[in-house]
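Reader: I should be grateful for a close look at one part of this model, set in the context of the whole chain. Please begin with the surroundings of the ligand and then follow the part that you consider best suited to a detailed account.

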Amino acid sequence: MGSGEKVFVYEDLVKHKDRNDCWLLISGKVYNVTQFLEDHPGGDEVLLAASGKDATDDFEDVGHSDDAREQMQKYYIGEVDATTIPARRTYKAQTSTAATQQDEPGFLFKIIQFLVPLLILGFAFGLQFLGKKEKTET
Ligand code: HEM
């Protein structure tokens, strides 16, 4: 606050992730929470664990109050150049491909289920036919 806008690079965060010097990156903004570690209602450990990386998800997952968002302004020290932040990994469920892959053995299984009784029947008729033929021949 008031000390001017500073633009950091993502790699800078790694240098500020211990108890004596702890920065947080939340929604592209950098907060120096070193003095806040002891006072954080959620404890210092969670803040230390959230430092050195993008802590946006960790912060939002807790559902911080407006009061907490107000408080964090005190610790704001600058922004991180967005181009240096690694792209967030999104895990897309491979529904379409997984479904087709699963469908194939299912389909094959149904065909086999249908064919096996037919083969047994065919075999039984075949044996009967052979039996009759043998009787007529003798
Ligand atoms: C500058 C950043 C932060 C500030 C100013 C802050 C402030 C606060 C405040 C005031 C509370 C009390 C509840 C509320 O008002 O919402 C709180 C709770 C909490 N915070 Fe943070 N917080 C910050 C960052 C984080 C981060 C990065 C995490 C990582 C997970 C975190 C985890 C928690 C947890 C787990 C609680 C719940 C404590 C409980 O209810 O037992 N906070 N925080």
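Author: By class, the shell around the ligand comprises 13 nonpolar, five polar and two charged residues. The model is a predicted one, and the values below are computed from it. The shell has 20 residues, of which Pro41, Gly42, Ser65, Ala68 and Met72 come nearest to the ligand. Three helices each supply at least two residues of this shell: helix H1 (44-50), helix H2 (56-62) and helix H3 (66-72). The largest share, four residues, comes from H3.

Before the detailed account, the overall arrangement should be set out. The protein has 138 residues, and 12% of them count as buried. Its secondary structure comes to four helices and five strands, which follow the pattern β-β-β-β-α-α-α-β-α along the sequence. Among contacts in the protein with a separation of 6 or more, 71% are between residues 24 or more positions apart.

The chain is divided into domain 1, residues 7-84, and domain 2, residues 96-138. The C-alpha centres of these two domains lie 67 Å apart. An unreviewed UniProt entry carries the annotation "domain: Cytochrome b5 heme-binding" over residues 5-81. In the model this span is 27% helix and 25% strand, and its end C-alpha atoms lie 12 Å apart. The feature "transmembrane region" is placed by UniProt, again in an unreviewed entry, at residues 111-130. The model shows residues 111-130 as 100% helix and 0% strand, with end C-alpha atoms 28 Å apart.

The part chosen for close inspection is strand S3, together with the sheet to which it belongs. The five strands form an open sheet of mixed pairing, in the order S1-S5-S4-S3-S2. Its edge strands, each pairing on one side only, are strand S1 (7-8) and S2.

Strand S3 covers residues 21-26, and five of its six residues are buried. On one side, S3 is joined by two bridges to strand S2 (residues 17-18), and the two strands run antiparallel. Here aspartate 18 stands opposite aspartate 21 of S3. The connection between S2 and S3 is a hairpin through two residues.

On its other side, S3 is joined by four bridges to strand S4 (residues 29-32), once more in the antiparallel sense. Within this pairing, leucine 24 stands opposite tyrosine 31 of S4. S3 and S4 also form a hairpin, with two residues between them.

Serine 27 deserves attention in this second turn. Serine 27 is placed in the loop between S3 and S4, and its phi is positive, at about 50°, although it is not a glycine. Most residues other than glycine have a negative phi. Is serine 27 buried or exposed? Serine 27 counts as exposed because it has 10 C-beta neighbours inside 10 Å, and the limit for an exposed residue is 12 or fewer. The turn residue thus contrasts with strand S3, where five of six residues are buried.

Beyond S3, the sheet continues from S4 to strand S5 (residues 76-80), with which S4 pairs over three bridges in the antiparallel sense. In this pairing, lysine 29 stands opposite glutamate 79 of S5. S5 is joined in turn to S1 by two bridges, and these two strands run parallel. The bridge partner of phenylalanine 8 in S5 is valine 80.

One further loop leads from the sheet towards the helices. Glutamine 35 is placed in the loop between S4 and H1. With 10 C-beta neighbours inside 10 Å, glutamine 35 counts as exposed. Its C-alpha atom is separated by 8.7 Å from that of tyrosine 75, although the two residues are 40 positions apart along the chain.

In summary, S3 is a mostly covered strand that pairs with S2 through two bridges and with S4 through four. A hairpin links S3 to each of these neighbours, and the turn towards S4 holds serine 27 with its positive phi.

Methods
Residues numbered from 1 in each chain as written. Predicted model: local features only at pLDDT ≥ 70, side-chain atom pairs only at ≥ 80, totals over all residues. Buried ≥ 20, exposed ≤ 12 C-beta atoms within 10 Å, placed from the backbone. Pairing = 2+ DSSP bridges. Contact = placed C-beta atoms within 7 Å. Domains from an automatic or database assignment. UniProt positions renumbered as here; feature names shortened; annotations may be inferred. Near = placed C-beta within 6 Å. Nonpolar A, V, L, I, M, F, W, Y, C, P; charged D, E, K, R; others polar.
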